[in-house]
Amino acid sequence: MMGPSHALSGAAVWLTGSWALDQFADYHQTPLALAVGTAVCAGGALFPDLDLSGKVTRNQGGATVARTFGVFSLFVAEVMEKISLGVYYATKLSKDPRRNNGHRTLTHTIPFTVLVGWGTTALCAHYGKWAVVSILFFMIGLALRGLFDEWAERAGWVIVTLASAAAAWFTFANLPGDRGYPLIGLAVGVGCFVHILGDMITRAGVPILWPIPIKRRMWTMIGLPNSIALRTGSKAETIVLRTALTVLAVLAAVGLVAPSVLHRFNIEV
């Protein structure tokens with residue numbers, strides 16, 4: 001699945017989940033908290049693809065998300081890809097094929113998702129707003145690169161970086177102090193998990209069952225049969241799926257915002 005679809009799926013899932021919590025668990029979020037969670041989940045839904053590296057010195061190649069911050073994010077992608085490939089070869093069994101890159105290995109697993117979500121929560125709890133602003137800067141950048149792909153491509157990584165920094169600083173200045181912000185870690189983890197589910201409906205699949213060995217394979221790719229699997233970049237993805245996700249996100253956002261707007265103007269429904 002392409003980057004914009006991943007980011008949109010993360011935003012749609014977070015908004016829908018927030019609406020469900022608001023309706024059925026009486027869990028309300030401020031507009032800022034809702035915006036932060038949505039952006040972080042959209043960014044988290046792109047994070048696993050930082051295992052697809054490119055040419056760092058030339059600022060070329062790699063996944064779209066790997067070019068978010070230019071050579072800096074490409075370097076991160078290079079490191080993550082090599083770590084993923086190393087873990088693959090350290091844990092592969094006799095039936096696992098040889099690979100020359102680590103894409104769709106470690107970062108596309110449940111243990112990685114849990115580790116990233118837990119690690120983000122731990123950082124926020126221990127370091128507070130300084131950790132929050134750093135994580136927001138990174139995740140908002142990924143979200144901008146995914147949700148506004150064409151704009152980000154035209155604007156370039158410097159503008160995306162500056163926009164991410166401005167949004168992160170605004171949030172830093174307006175968030176209440178002395179809090180651990182556990183929802184940020186949850187948003188990152190949910191985003192990563194949504195990414196895995198998105199890649200599962202494509203032909204390549206993901207090793208979602210790792211590290212469970214299956215028929216002398218540790219890295220069994222799980223996905224839909226080719227006859228019904230989503231083809232990356234097809235009209236089914238770029239038109240049908242993205243339209244459905246957009247409608248879902250908009251409806252959830254309206255459902256969350258409309259009651260407070262109506263209440264402000266003393267309108268009863």
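Is Arg104 buried or exposed? Arg104 counts as buried, at 12% relative accessibility. Keep in mind that this is a predicted model; the close-ups below go through it piece by piece.

**View 1. Arg104 sits in the loop between helix 3 and helix 4.** Here's the residue from the opening question. Arg104 isn't a glycine, yet its phi is positive, at about 60°. With a relative accessibility of 12%, Arg104 falls on the buried side of the 20% cut-off.

**View 2. Asp96 and Arg217 pair up across two loops.** Their side chains meet in a salt bridge, 3.7 Å from N to O. Asp96 belongs to the loop between helix 3 (71-91) and helix 4 (110-127), while Arg217 belongs to the loop between helix 8 (182-200) and helix 9 (235-264), so the pair ties together parts that are 121 residues apart in sequence. The two partners don't share the same surroundings: Asp96 is buried at 4% relative accessibility, whereas Arg217 is partly exposed at 29%.

**View 3. The loop between helix 8 and helix 9 also holds Pro211 and Lys215.** Look at the peptide bond running from Trp210 to Pro211: it is cis, with omega near 10°. Lys215 has a positive phi of about 50°, although it is not a glycine. Lys215 is exposed, with a relative accessible area of 76%.

**View 4. Arg145 and Glu153 form another salt bridge.** Their closest N and O atoms are 2.8 Å apart. Arg145 is buried, with 5% relative accessible area, but Glu153 is partly exposed at 46%. In general, side chains of opposite charge can pair when their charged atoms come close. For the whole model, the salt-bridge count comes to seven.

**View 5. Glu237 and Arg242 make a salt bridge between two buried residues.** The closest N and O atoms of this pair are 3.9 Å apart. Glu237 has a relative accessible area of 0%, and Arg242 has 19%, which still counts as buried because the cut-off is 20%. Elsewhere, Glu78, Glu81 and Lys82 are joined into one network by salt bridges that share partners.

**View 6. Helix 3 has a buried face.** Its 21 residues should span 30 Å at 1.5 Å a residue, and the end C-alpha atoms are indeed 30 Å apart. Ser73, Leu74, Ala77, Met80, Glu81, Ser84, Leu85 and Tyr88 are buried. Seen down the axis of helix 3, the buried residues fall within an arc of 135°, so they line one face. Why might such a face show up in a helix? An α-helix has 3.6 residues a turn, so residues three or four places apart point the same way. Phe72 and Ala90, on the other side of helix 3, are exposed.

**View 7. Two of the stretches that UniProt lists as "transmembrane region" are shown here, residues 69-90 and 155-172.** The UniProt entry is an unreviewed one, and its list also includes residues 30-48 and 239-262. In the model, residues 69-90 are 91% helix and 0% strand, with end C-alpha atoms 30 Å apart. Residues 155-172 are 94% helix and 0% strand, and there the end C-alpha atoms lie 25 Å apart.

**View 8. Thr38 is a buried residue of helix 2 (residues 31-44).** Its relative accessible area is 13%. Beyond its neighbours within four places in sequence, Thr38 is in contact with Ala11, Trp14 and Leu15. Thr38 and Val188 are 150 residues apart in sequence, yet their C-alpha atoms are 9.9 Å apart in space.

**View 9. Helix 1 (residues 3-24) matches its expected span.** At 1.5 Å a residue, the 22 residues of helix 1 should cover 32 Å, and its end C-alpha atoms are 32 Å apart. After helix 1 comes Asp26, whose phi is positive, near 55°.

**View 10. Cys124 and Cys192 are not bonded to each other.** The closest cysteine sulfur to that of Cys124 is in Cys192, 14 Å away, which is too far for a bond. Cys192 is in no disulfide either, and the nearest cysteine sulfur to its own, that of Cys41, is 8.9 Å away. Cys124 is buried at 0% relative accessible area, and Cys192 also counts as buried at 0%. How many disulfides turn up in a search of the whole structure? The search finds zero.

Note on methods:
Residues numbered from 1 in each chain as written. Predicted model: local features only at pLDDT ≥ 70, side-chain atom pairs only at ≥ 80, totals over all residues. Heavy atoms only, no water. UniProt positions renumbered as here; feature names shortened; annotations may be inferred. Helix = DSSP H or I, 4+ residues; strand = E, 2+ residues; numbered from the N terminus. Disulfide = S-S within 2.5 Å. Buried < 20%, exposed > 50% of the residue type's maximum accessible area, 1.4 Å probe, protein only. Salt bridge = Lys/Arg side-chain N within 4 Å of Asp/Glu carboxyl O. Expected span 1.5 Å × (residues − 1). Arc of directions from axis to C-beta. Contact = heavy atoms within 4.5 Å.
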